[in-house]
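Please work through the following exercises with the sequence and the model at hand. Each task is followed by a solution in steps.

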Amino acid sequence: MAKTIVATGISSGLGFETIKQLLEQAEPYNFILGARDTAKVQAAYDSLNYDTSKHSITIYPLDLLSLKSVQSFAANVLSKLGSEKLAYLFLCAGTLDKGEGPGPNGSQWCSGYVVNHLAPHYLVHLLRDVLSASQSRVVFVSSGAIRGLRDQDPATLDVDLKANSGAGYRPIYSASKFVQLLGAFYWRRELPSCTIVAVSPGLIPSTPLASSMGLTMDMPDAKTIPEGAQNLLRAFFINEFPADPEQIFLTSWGEWWPKDVYALALDAGLQKKWCLSREEIEKTESIA
């Protein structure tokens, strides 16, 4: 039977390339994908030469700046799945944002935080039951940028991630990816039947996000988008895990990062603070 993959951030760059490489594999997959411009993304996938008798692609509207859109996408996913199992949830979406202006849809938080953590975290809440019953693998696309948390002080999160904080691209990106990693550890505990993996694609300068940060291919360790996608795919298929359950971060070179690299993210109190319940999110973000 074909395995079902639900994925975000698949319109271009690393996400698109990862799905493209999965479409080239012999194993059959059913893809349920979220995208803002569904017609454009459908045309992009239709242009690929893949075996439609083996793979299927369904694309639903999803705007991660809107938690109501996340609600709608989750409802479509659950309806499409029916009684089928969900093999993988691939959380690949990411954005680069400066802390200027109001938060999206009245949120107290900046867009970078909403897209990189809050909306995907809410999506996991909405799919929680099927993830647990399916014993799914949840893949968080993380980044070495977590090490760039300002002053190595989690207290800066409360400042930098707020709407109109005035923080620049790099502080917000590092902070929001750090909180995303807190979320990965949160779900490792909350979904004990699932496999939770955080993974870095490596330094991929040719993605729109990376090029906006001024990264270039002449930098040491720079990799192409296809190489980055191959690094992400390790998180789908690796079955040899460390004995320590807190080692969930897979590096771009295929090793498990030692915990001292992300020691700040292991704080259970921080995880609880930044990983709100479904009810808390819906209350604080004023969504029904």
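The exercises below treat the sheet, one helix and the nonpolar cores in turn.

The model is predicted: local features need pLDDT of at least 70 and side-chain atom pairs count only at pLDDT 80 or more, while totals for chains, interfaces and linings use all residues. Residues are numbered from 1 along each chain as its sequence is written, and side-chain values use heavy atoms, with hydrogens and water left out.

**Exercise 1. Determine the order of the strands in the open sheet and state which are the edge strands.**

Step 1. Strands (E, at least two residues) and helices (H or I, at least four) are DSSP runs numbered from the N terminus. Two strands pair if DSSP finds at least two bridges between them.

Step 2. The open sheet has seven strands in the order β3-β2-β1-β4-β5-β6-β7, with parallel pairing.

Step 3. β3 and β7 (249-250) are the edge strands, as each pairs on one side only.

**Exercise 2. Identify the bridge partners of Ala-7 in β2 and in β4, and describe the surroundings of β1.**

Step 1. β1 pairs with β2 in the parallel sense over five bridges; here the partner of Ala-7 is Leu-33.

Step 2. β1 also pairs in parallel with β4, over four bridges. In β4, Ala-7 has Phe-90 as its bridge partner, and Ile-5 has Tyr-88.

Step 3. β4 in turn runs parallel to β5, joined by four bridges, and Leu-91 has Phe-140 of β5 as its partner.

Step 4. Five of the six residues of β1 are buried (under 20% relative accessible area with a 1.4 Å probe, protein chains only; exposed means over 50%, partly exposed in between). β1 is therefore largely enclosed by the rest of the structure.

Step 5. In β4, Tyr-88 and Phe-90 point one way, Leu-89 and Leu-91 the other way, and all are buried.

**Exercise 3. Explain why the buried residues of α3 line one face of the helix.**

Step 1. α3 has 15 residues and reaches 21 Å from its first C-alpha to its last, close to the expected 21 Å (1.5 Å times one less than the number of residues).

Step 2. Its buried residues are Leu-67, Ser-69, Val-70, Phe-73, Ala-74, Val-77 and Leu-81.

Step 3. Seen down the helix axis, these fall within an arc of 140°, so they line one face of α3; the arc is that of the directions from the axis to the C-beta atoms.

Step 4. An α-helix has 3.6 residues a turn, so residues three or four places apart point the same way.

Step 5. The face turned away from the buried side carries the exposed residues Lys-68 and Ser-79. Elements covering the buried residues include β1, β2, β3, α4, α5 and α11 (278-284).

**Exercise 4. State which element gives the largest share of the largest nonpolar core.**

Step 1. A nonpolar core is a set of buried Ala, Val, Leu, Ile, Met, Phe, Trp, Tyr and Cys residues joined through side-chain atoms within 4.5 Å.

Step 2. Of the 60 residues in the largest core, Val-70, Leu-89, Leu-131, Leu-161, Leu-181 and Trp-274 touch the most other members.

Step 3. Elements giving two or more residues to this core include α3, β4 and α7 (169-190). The largest share, ten residues, comes from α7.

Step 4. Apart from this core lies another, of 34 residues, among them Ala-7, Leu-22, Leu-33 and Val-41.

Definitions and conventions
Contact means heavy atoms within 4.5 Å.
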